[in-house]
Amino acid sequence: MSELAKLGIEVARTHQTTGEVATTTLTLTLPRPVTIKATFTPESMAKMVIKLFKKEVQTGDPLFDSEIYISTDTPEEIKAFLDEDVRNAIGFIVTNGGPLEIYDTTLSIIVGGDEPGETNEMLTIARALLATG
């Protein structure tokens, strides 16, 4: 049994191939809803323009804040959730794969490859989500 399954988390995989690039969207269904609602994407020029009109949550970690854009309606919960281990895990997933979204009972992650396995980063984020109130 996987570590995610031991936590009561179900994992669904959706594969997509564009040309020679394969990605997988992992949808982790948590055993209960969480109060955090957020999308983490790579920082881009377009996101920098958005920041002129919408205040983004800043973590105080210069590397994370320069590489990851956070879109959320729960800024206080995000600040409490994003400790160093969680920031490192999210940063690794987003910079090496794609967006990461947390909403209600789901954690959605885009990763490279056809058959991605369970990673320490996924476990770190899942455990932190389950520890939230």
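The following questions and answers cover the sheet, two helices and one valine of a predicted model. Local features need pLDDT of at least 70, side-chain atom pairs count only at pLDDT 80 or more, and totals for chains, interfaces and linings use all residues. Residues are numbered from 1 along each chain as its sequence is written, and side-chain values use heavy atoms, with hydrogens and water left out.

Student: Which strands are the edge strands of the open sheet?
Tutor: Strands here are DSSP runs (E, at least two residues; helices are H or I, at least four), numbered from the N terminus. Two strands pair if DSSP finds at least two bridges between them. Six strands form the open sheet, antiparallel in pairing, in the order S1-S2-S6-S5-S3-S4. Pairing on one side only marks the edge strands, S1 and S4 (68-72).

Student: Which residue in S4 stands opposite alanine 38?
Tutor: Strand S3 (residues 38-42) and S4 run antiparallel and are joined by five bridges. Opposite alanine 38, the residue in S4 is threonine 72.

Student: At about what angle to S3 does H5 run?
Tutor: Angles run from 0 to 180 degrees between N-to-C directions, with axes fitted to C-alpha atoms, for helices over the stretch in contact. H5 lies across S3, S4, strand S5 (100-103) and strand S6 (106-112). Its angle to S3 is about 55 degrees.

Student: Is H5 parallel, antiparallel, perpendicular or oblique to H6?
Tutor: The axes of H5 (residues 84-96) and H6 (residues 120-131) come within 9 Å and cross at roughly 130 degrees. Angles under 35 degrees count as roughly parallel, over 145 as roughly antiparallel, 65 to 115 as roughly perpendicular and the rest as oblique. The crossing angle therefore makes H5, relative to H6, oblique.

Student: How many charged residues are in the contact of H5 with H6?
Tutor: Contact means heavy atoms within 4.5 Å. On H5 the contact is made by Asp85, Val86, Ala89, Ile90, Phe92 and Ile93, and on H6 by Glu121, Met122, Thr124, Ile125 and Ala128. Asp, Glu, Lys and Arg count as charged, Ala, Val, Leu, Ile, Met, Phe, Trp, Tyr, Cys and Pro as nonpolar, and the others, Gly among them, as polar. By class there are eight nonpolar residues, one polar, and, as charged residues, two.

Student: Is valine 11 buried, exposed or partly exposed?
Tutor: Valine 11 is in strand S1 (residues 10-18). Leaving aside neighbours within four places in sequence, valine 11 is in contact with Leu4, Leu26, Thr27 and Leu28. Buried means under 20% relative accessible area and exposed over 50%, with partly exposed in between (1.4 Å probe, protein chains only). Because its relative accessible area is 35%, valine 11 is partly exposed.
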